[in-house]
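Student: I would like a close look at one part of this protein: the empty space inside it. Please show me the structure, then walk me through that part and its surroundings.

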Amino acid sequence: MLTDSFFEKLFHKHQNSPHFPKTTTVARLVSRLIFVLFPEQSKQNFDSIEGIKCSFELITNDLNEILLSMQEHLNRPAKEIAEDFVCKIPEIYDLLNTDIQAIIDGDPAANSEYEVIRTYPGFSAIAFFRIAHELYELEIPLLPRMITEFAHTQTGIDIHPGARIGHHFFIDHGTGIVIGETAEIGNYVKLYQGVTLGALSVSKNLASLKRHPTIEDNVVIYSGATILGGETTIGANSIIGGNVWLTNSLPTNTKIYHQEQVKIR
C-alpha cells in the first residue's frame, strides 16, 4: 500500500524540480527551423521573401519564449541569446549544404539533394546536431541535449552537442553511431553505422578533460569500429576498417583493419 511518506517524497520532488520546457516543444521549434531552411522536409513553400522573413521572426520569438521560461538558468538575457543564435543560422545553413554535398558525392545510391534531405537519417541527425551545437556554444543548459536526444530517438544516431565537427560530414546508414562530447572531427569525414568515438573511462573526475578522440580530415571509418580516448588521434586520409578497436593514435595515410580468423571444419 502506498504510504504518506512516499507521496511526500514525490511532492518534495515536484516542488524542487528545475523548470525547463518540454522536449517536444523544443524539438518542434527545431523541426520548424529545419523545414524553413529545407522545404524538401515539408509541404510548406513560401510565395515571397517576406513570408520567409516572417517565419524567421516567429521562430525567433518562440525561441525567446522558451529561453524566458528558463531565464534563471541562463547567464544572459533570453532575448539577447535568441538573437545571437539567429545570427548563426546562415552559417549553420552553409555547413548543412556541405553535408548534403558530401552525401551526394560519397553515396552511389544518392540520386538528388531532395532525396538526401527527405530520406537520409544521417542528414537529419547532423541537422539537429548543428543547431544544438550552436545553442551549446551559447552556454544554454539542457536544451542542446534535448535536441540531440530527440534526433537520437528518431535516427539511432547519438551525437553529443558539444562535439566539434567540420564541413562535408557524411554519416552513411548511421544507426548505432555514438560521438562523445569532446570528440573533434575534421572536414570530409565519413562514418558508417555502429561507429563509436568514445572515452576510455567514464570516471566523473574526468568531466572537464578531453575524453574523446580526434579524427582529422578525409578519414573514413567503417561499421562497428570503436575509437576511444582523448589523446587518440586518427591522422588525415586514414581508413579504419570495420570492427576495429583503437585506443592509440595513428599517423596520416594509415589503413587499418580487423582480420577475421575463419576456421572451417
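Tutor: Start with the whole. This is a predicted model. The protein has eight helices and 14 strands. Its C-alpha trace spans about 65 × 60 × 35 Å along the principal axes. The chain holds 265 residues, and 44% of them are buried. Now take the contacts with a separation of 6 or more: 45% of them join residues 24 or more positions apart.

Next, the outside. The accessible surface comes to about 14700 Å². Carbon and sulfur atoms own 53% of that surface. As for charge, the protein carries 21 positive and 31 negative charges. The mean positions of these two sets are 7 Å apart.

Now go inside. How is empty space found? Rolling a probe the size of a water molecule over the atoms shows where such space is left. How many cavities of 30 Å³ or more are there? The count comes to one. The largest cavity has a volume of about 90 Å³.

Which residues line the largest cavity? Take them in sequence order. The list opens with Val26, Leu29, Val30 and Leu33. Ile59, Leu63 and Phe85 follow. Ile131, Leu135, Leu143 and Ile147 complete the lining.

Which helices supply at least two lining residues each? They are α2 (23-37), α3 (49-68), α7 (121-137) and α8 (143-155). Helix α2 gives the largest share, with four residues. Find those four helices in the picture, and you have found the walls to look at.

Stay with α7 and α8 for a moment. A loop runs between them, and Glu139 lies there. Leu142 sits in that loop too. Both deserve a look at the backbone. Most residues other than glycine have a negative phi. Glu139 is not a glycine, yet its phi is positive, at about 60°. Leu142 is not a glycine either, and its phi is about 65°, also positive.

Are these two loop residues buried or exposed? Glu139 has a relative accessible area of 55%, so it counts as exposed. Leu142 has a relative accessible area of 41%, so it counts as partly exposed. The cut-off for exposed is over 50%.

Now step back into α7 itself. Ala125 lies in this helix. Is Ala125 buried or exposed? Its relative accessibility is 3%, so Ala125 counts as buried. What does Ala125 touch, leaving out residues up to four places away in sequence? The partners are Ala151, Thr155, Ile157 and Ile159. Two of these, Ala151 and Thr155, fall within the range of α8 (143-155). There is also a distance to check: Ala125 and Glu149 are 24 residues apart in sequence. In space, their C-alpha atoms are 9.7 Å apart.

For a last stop, turn to a strand. Thr226 lies in β10, which covers residues 226-228. Thr226 has 15% relative accessibility, so this residue counts as buried. Its contacts, again leaving out residues up to four places away in sequence, are Thr196, Val244, Trp245 and Leu246.

Put the cavity back in view to finish. The space is about 90 Å³. Four helices each supply at least two of its lining residues, and α2 supplies the largest share.

Key: Residues numbered from 1 in each chain as written. Predicted model: local features only at pLDDT ≥ 70, side-chain atom pairs only at ≥ 80, totals over all residues. Heavy atoms only, no water. Buried < 20%, exposed > 50% of the residue type's maximum accessible area, 1.4 Å probe, protein only. Contact = heavy atoms within 4.5 Å. Areas by Shrake-Rupley, 256 points an atom, 1.4 Å probe, with all protein chains shown as cover. Lys, Arg positive; Asp, Glu negative; His and termini not counted. Charge placed at Lys NZ, Arg CZ, Asp CG, Glu CD. 1 Å grid on protein atoms, 1.4 Å probe; cavity = no way out; pocket = protein on both sides within 12 Å on 5 of 7 lines; lining within 4 Å. Points joined across faces, edges and corners; volume = space filled by probe spheres on them.
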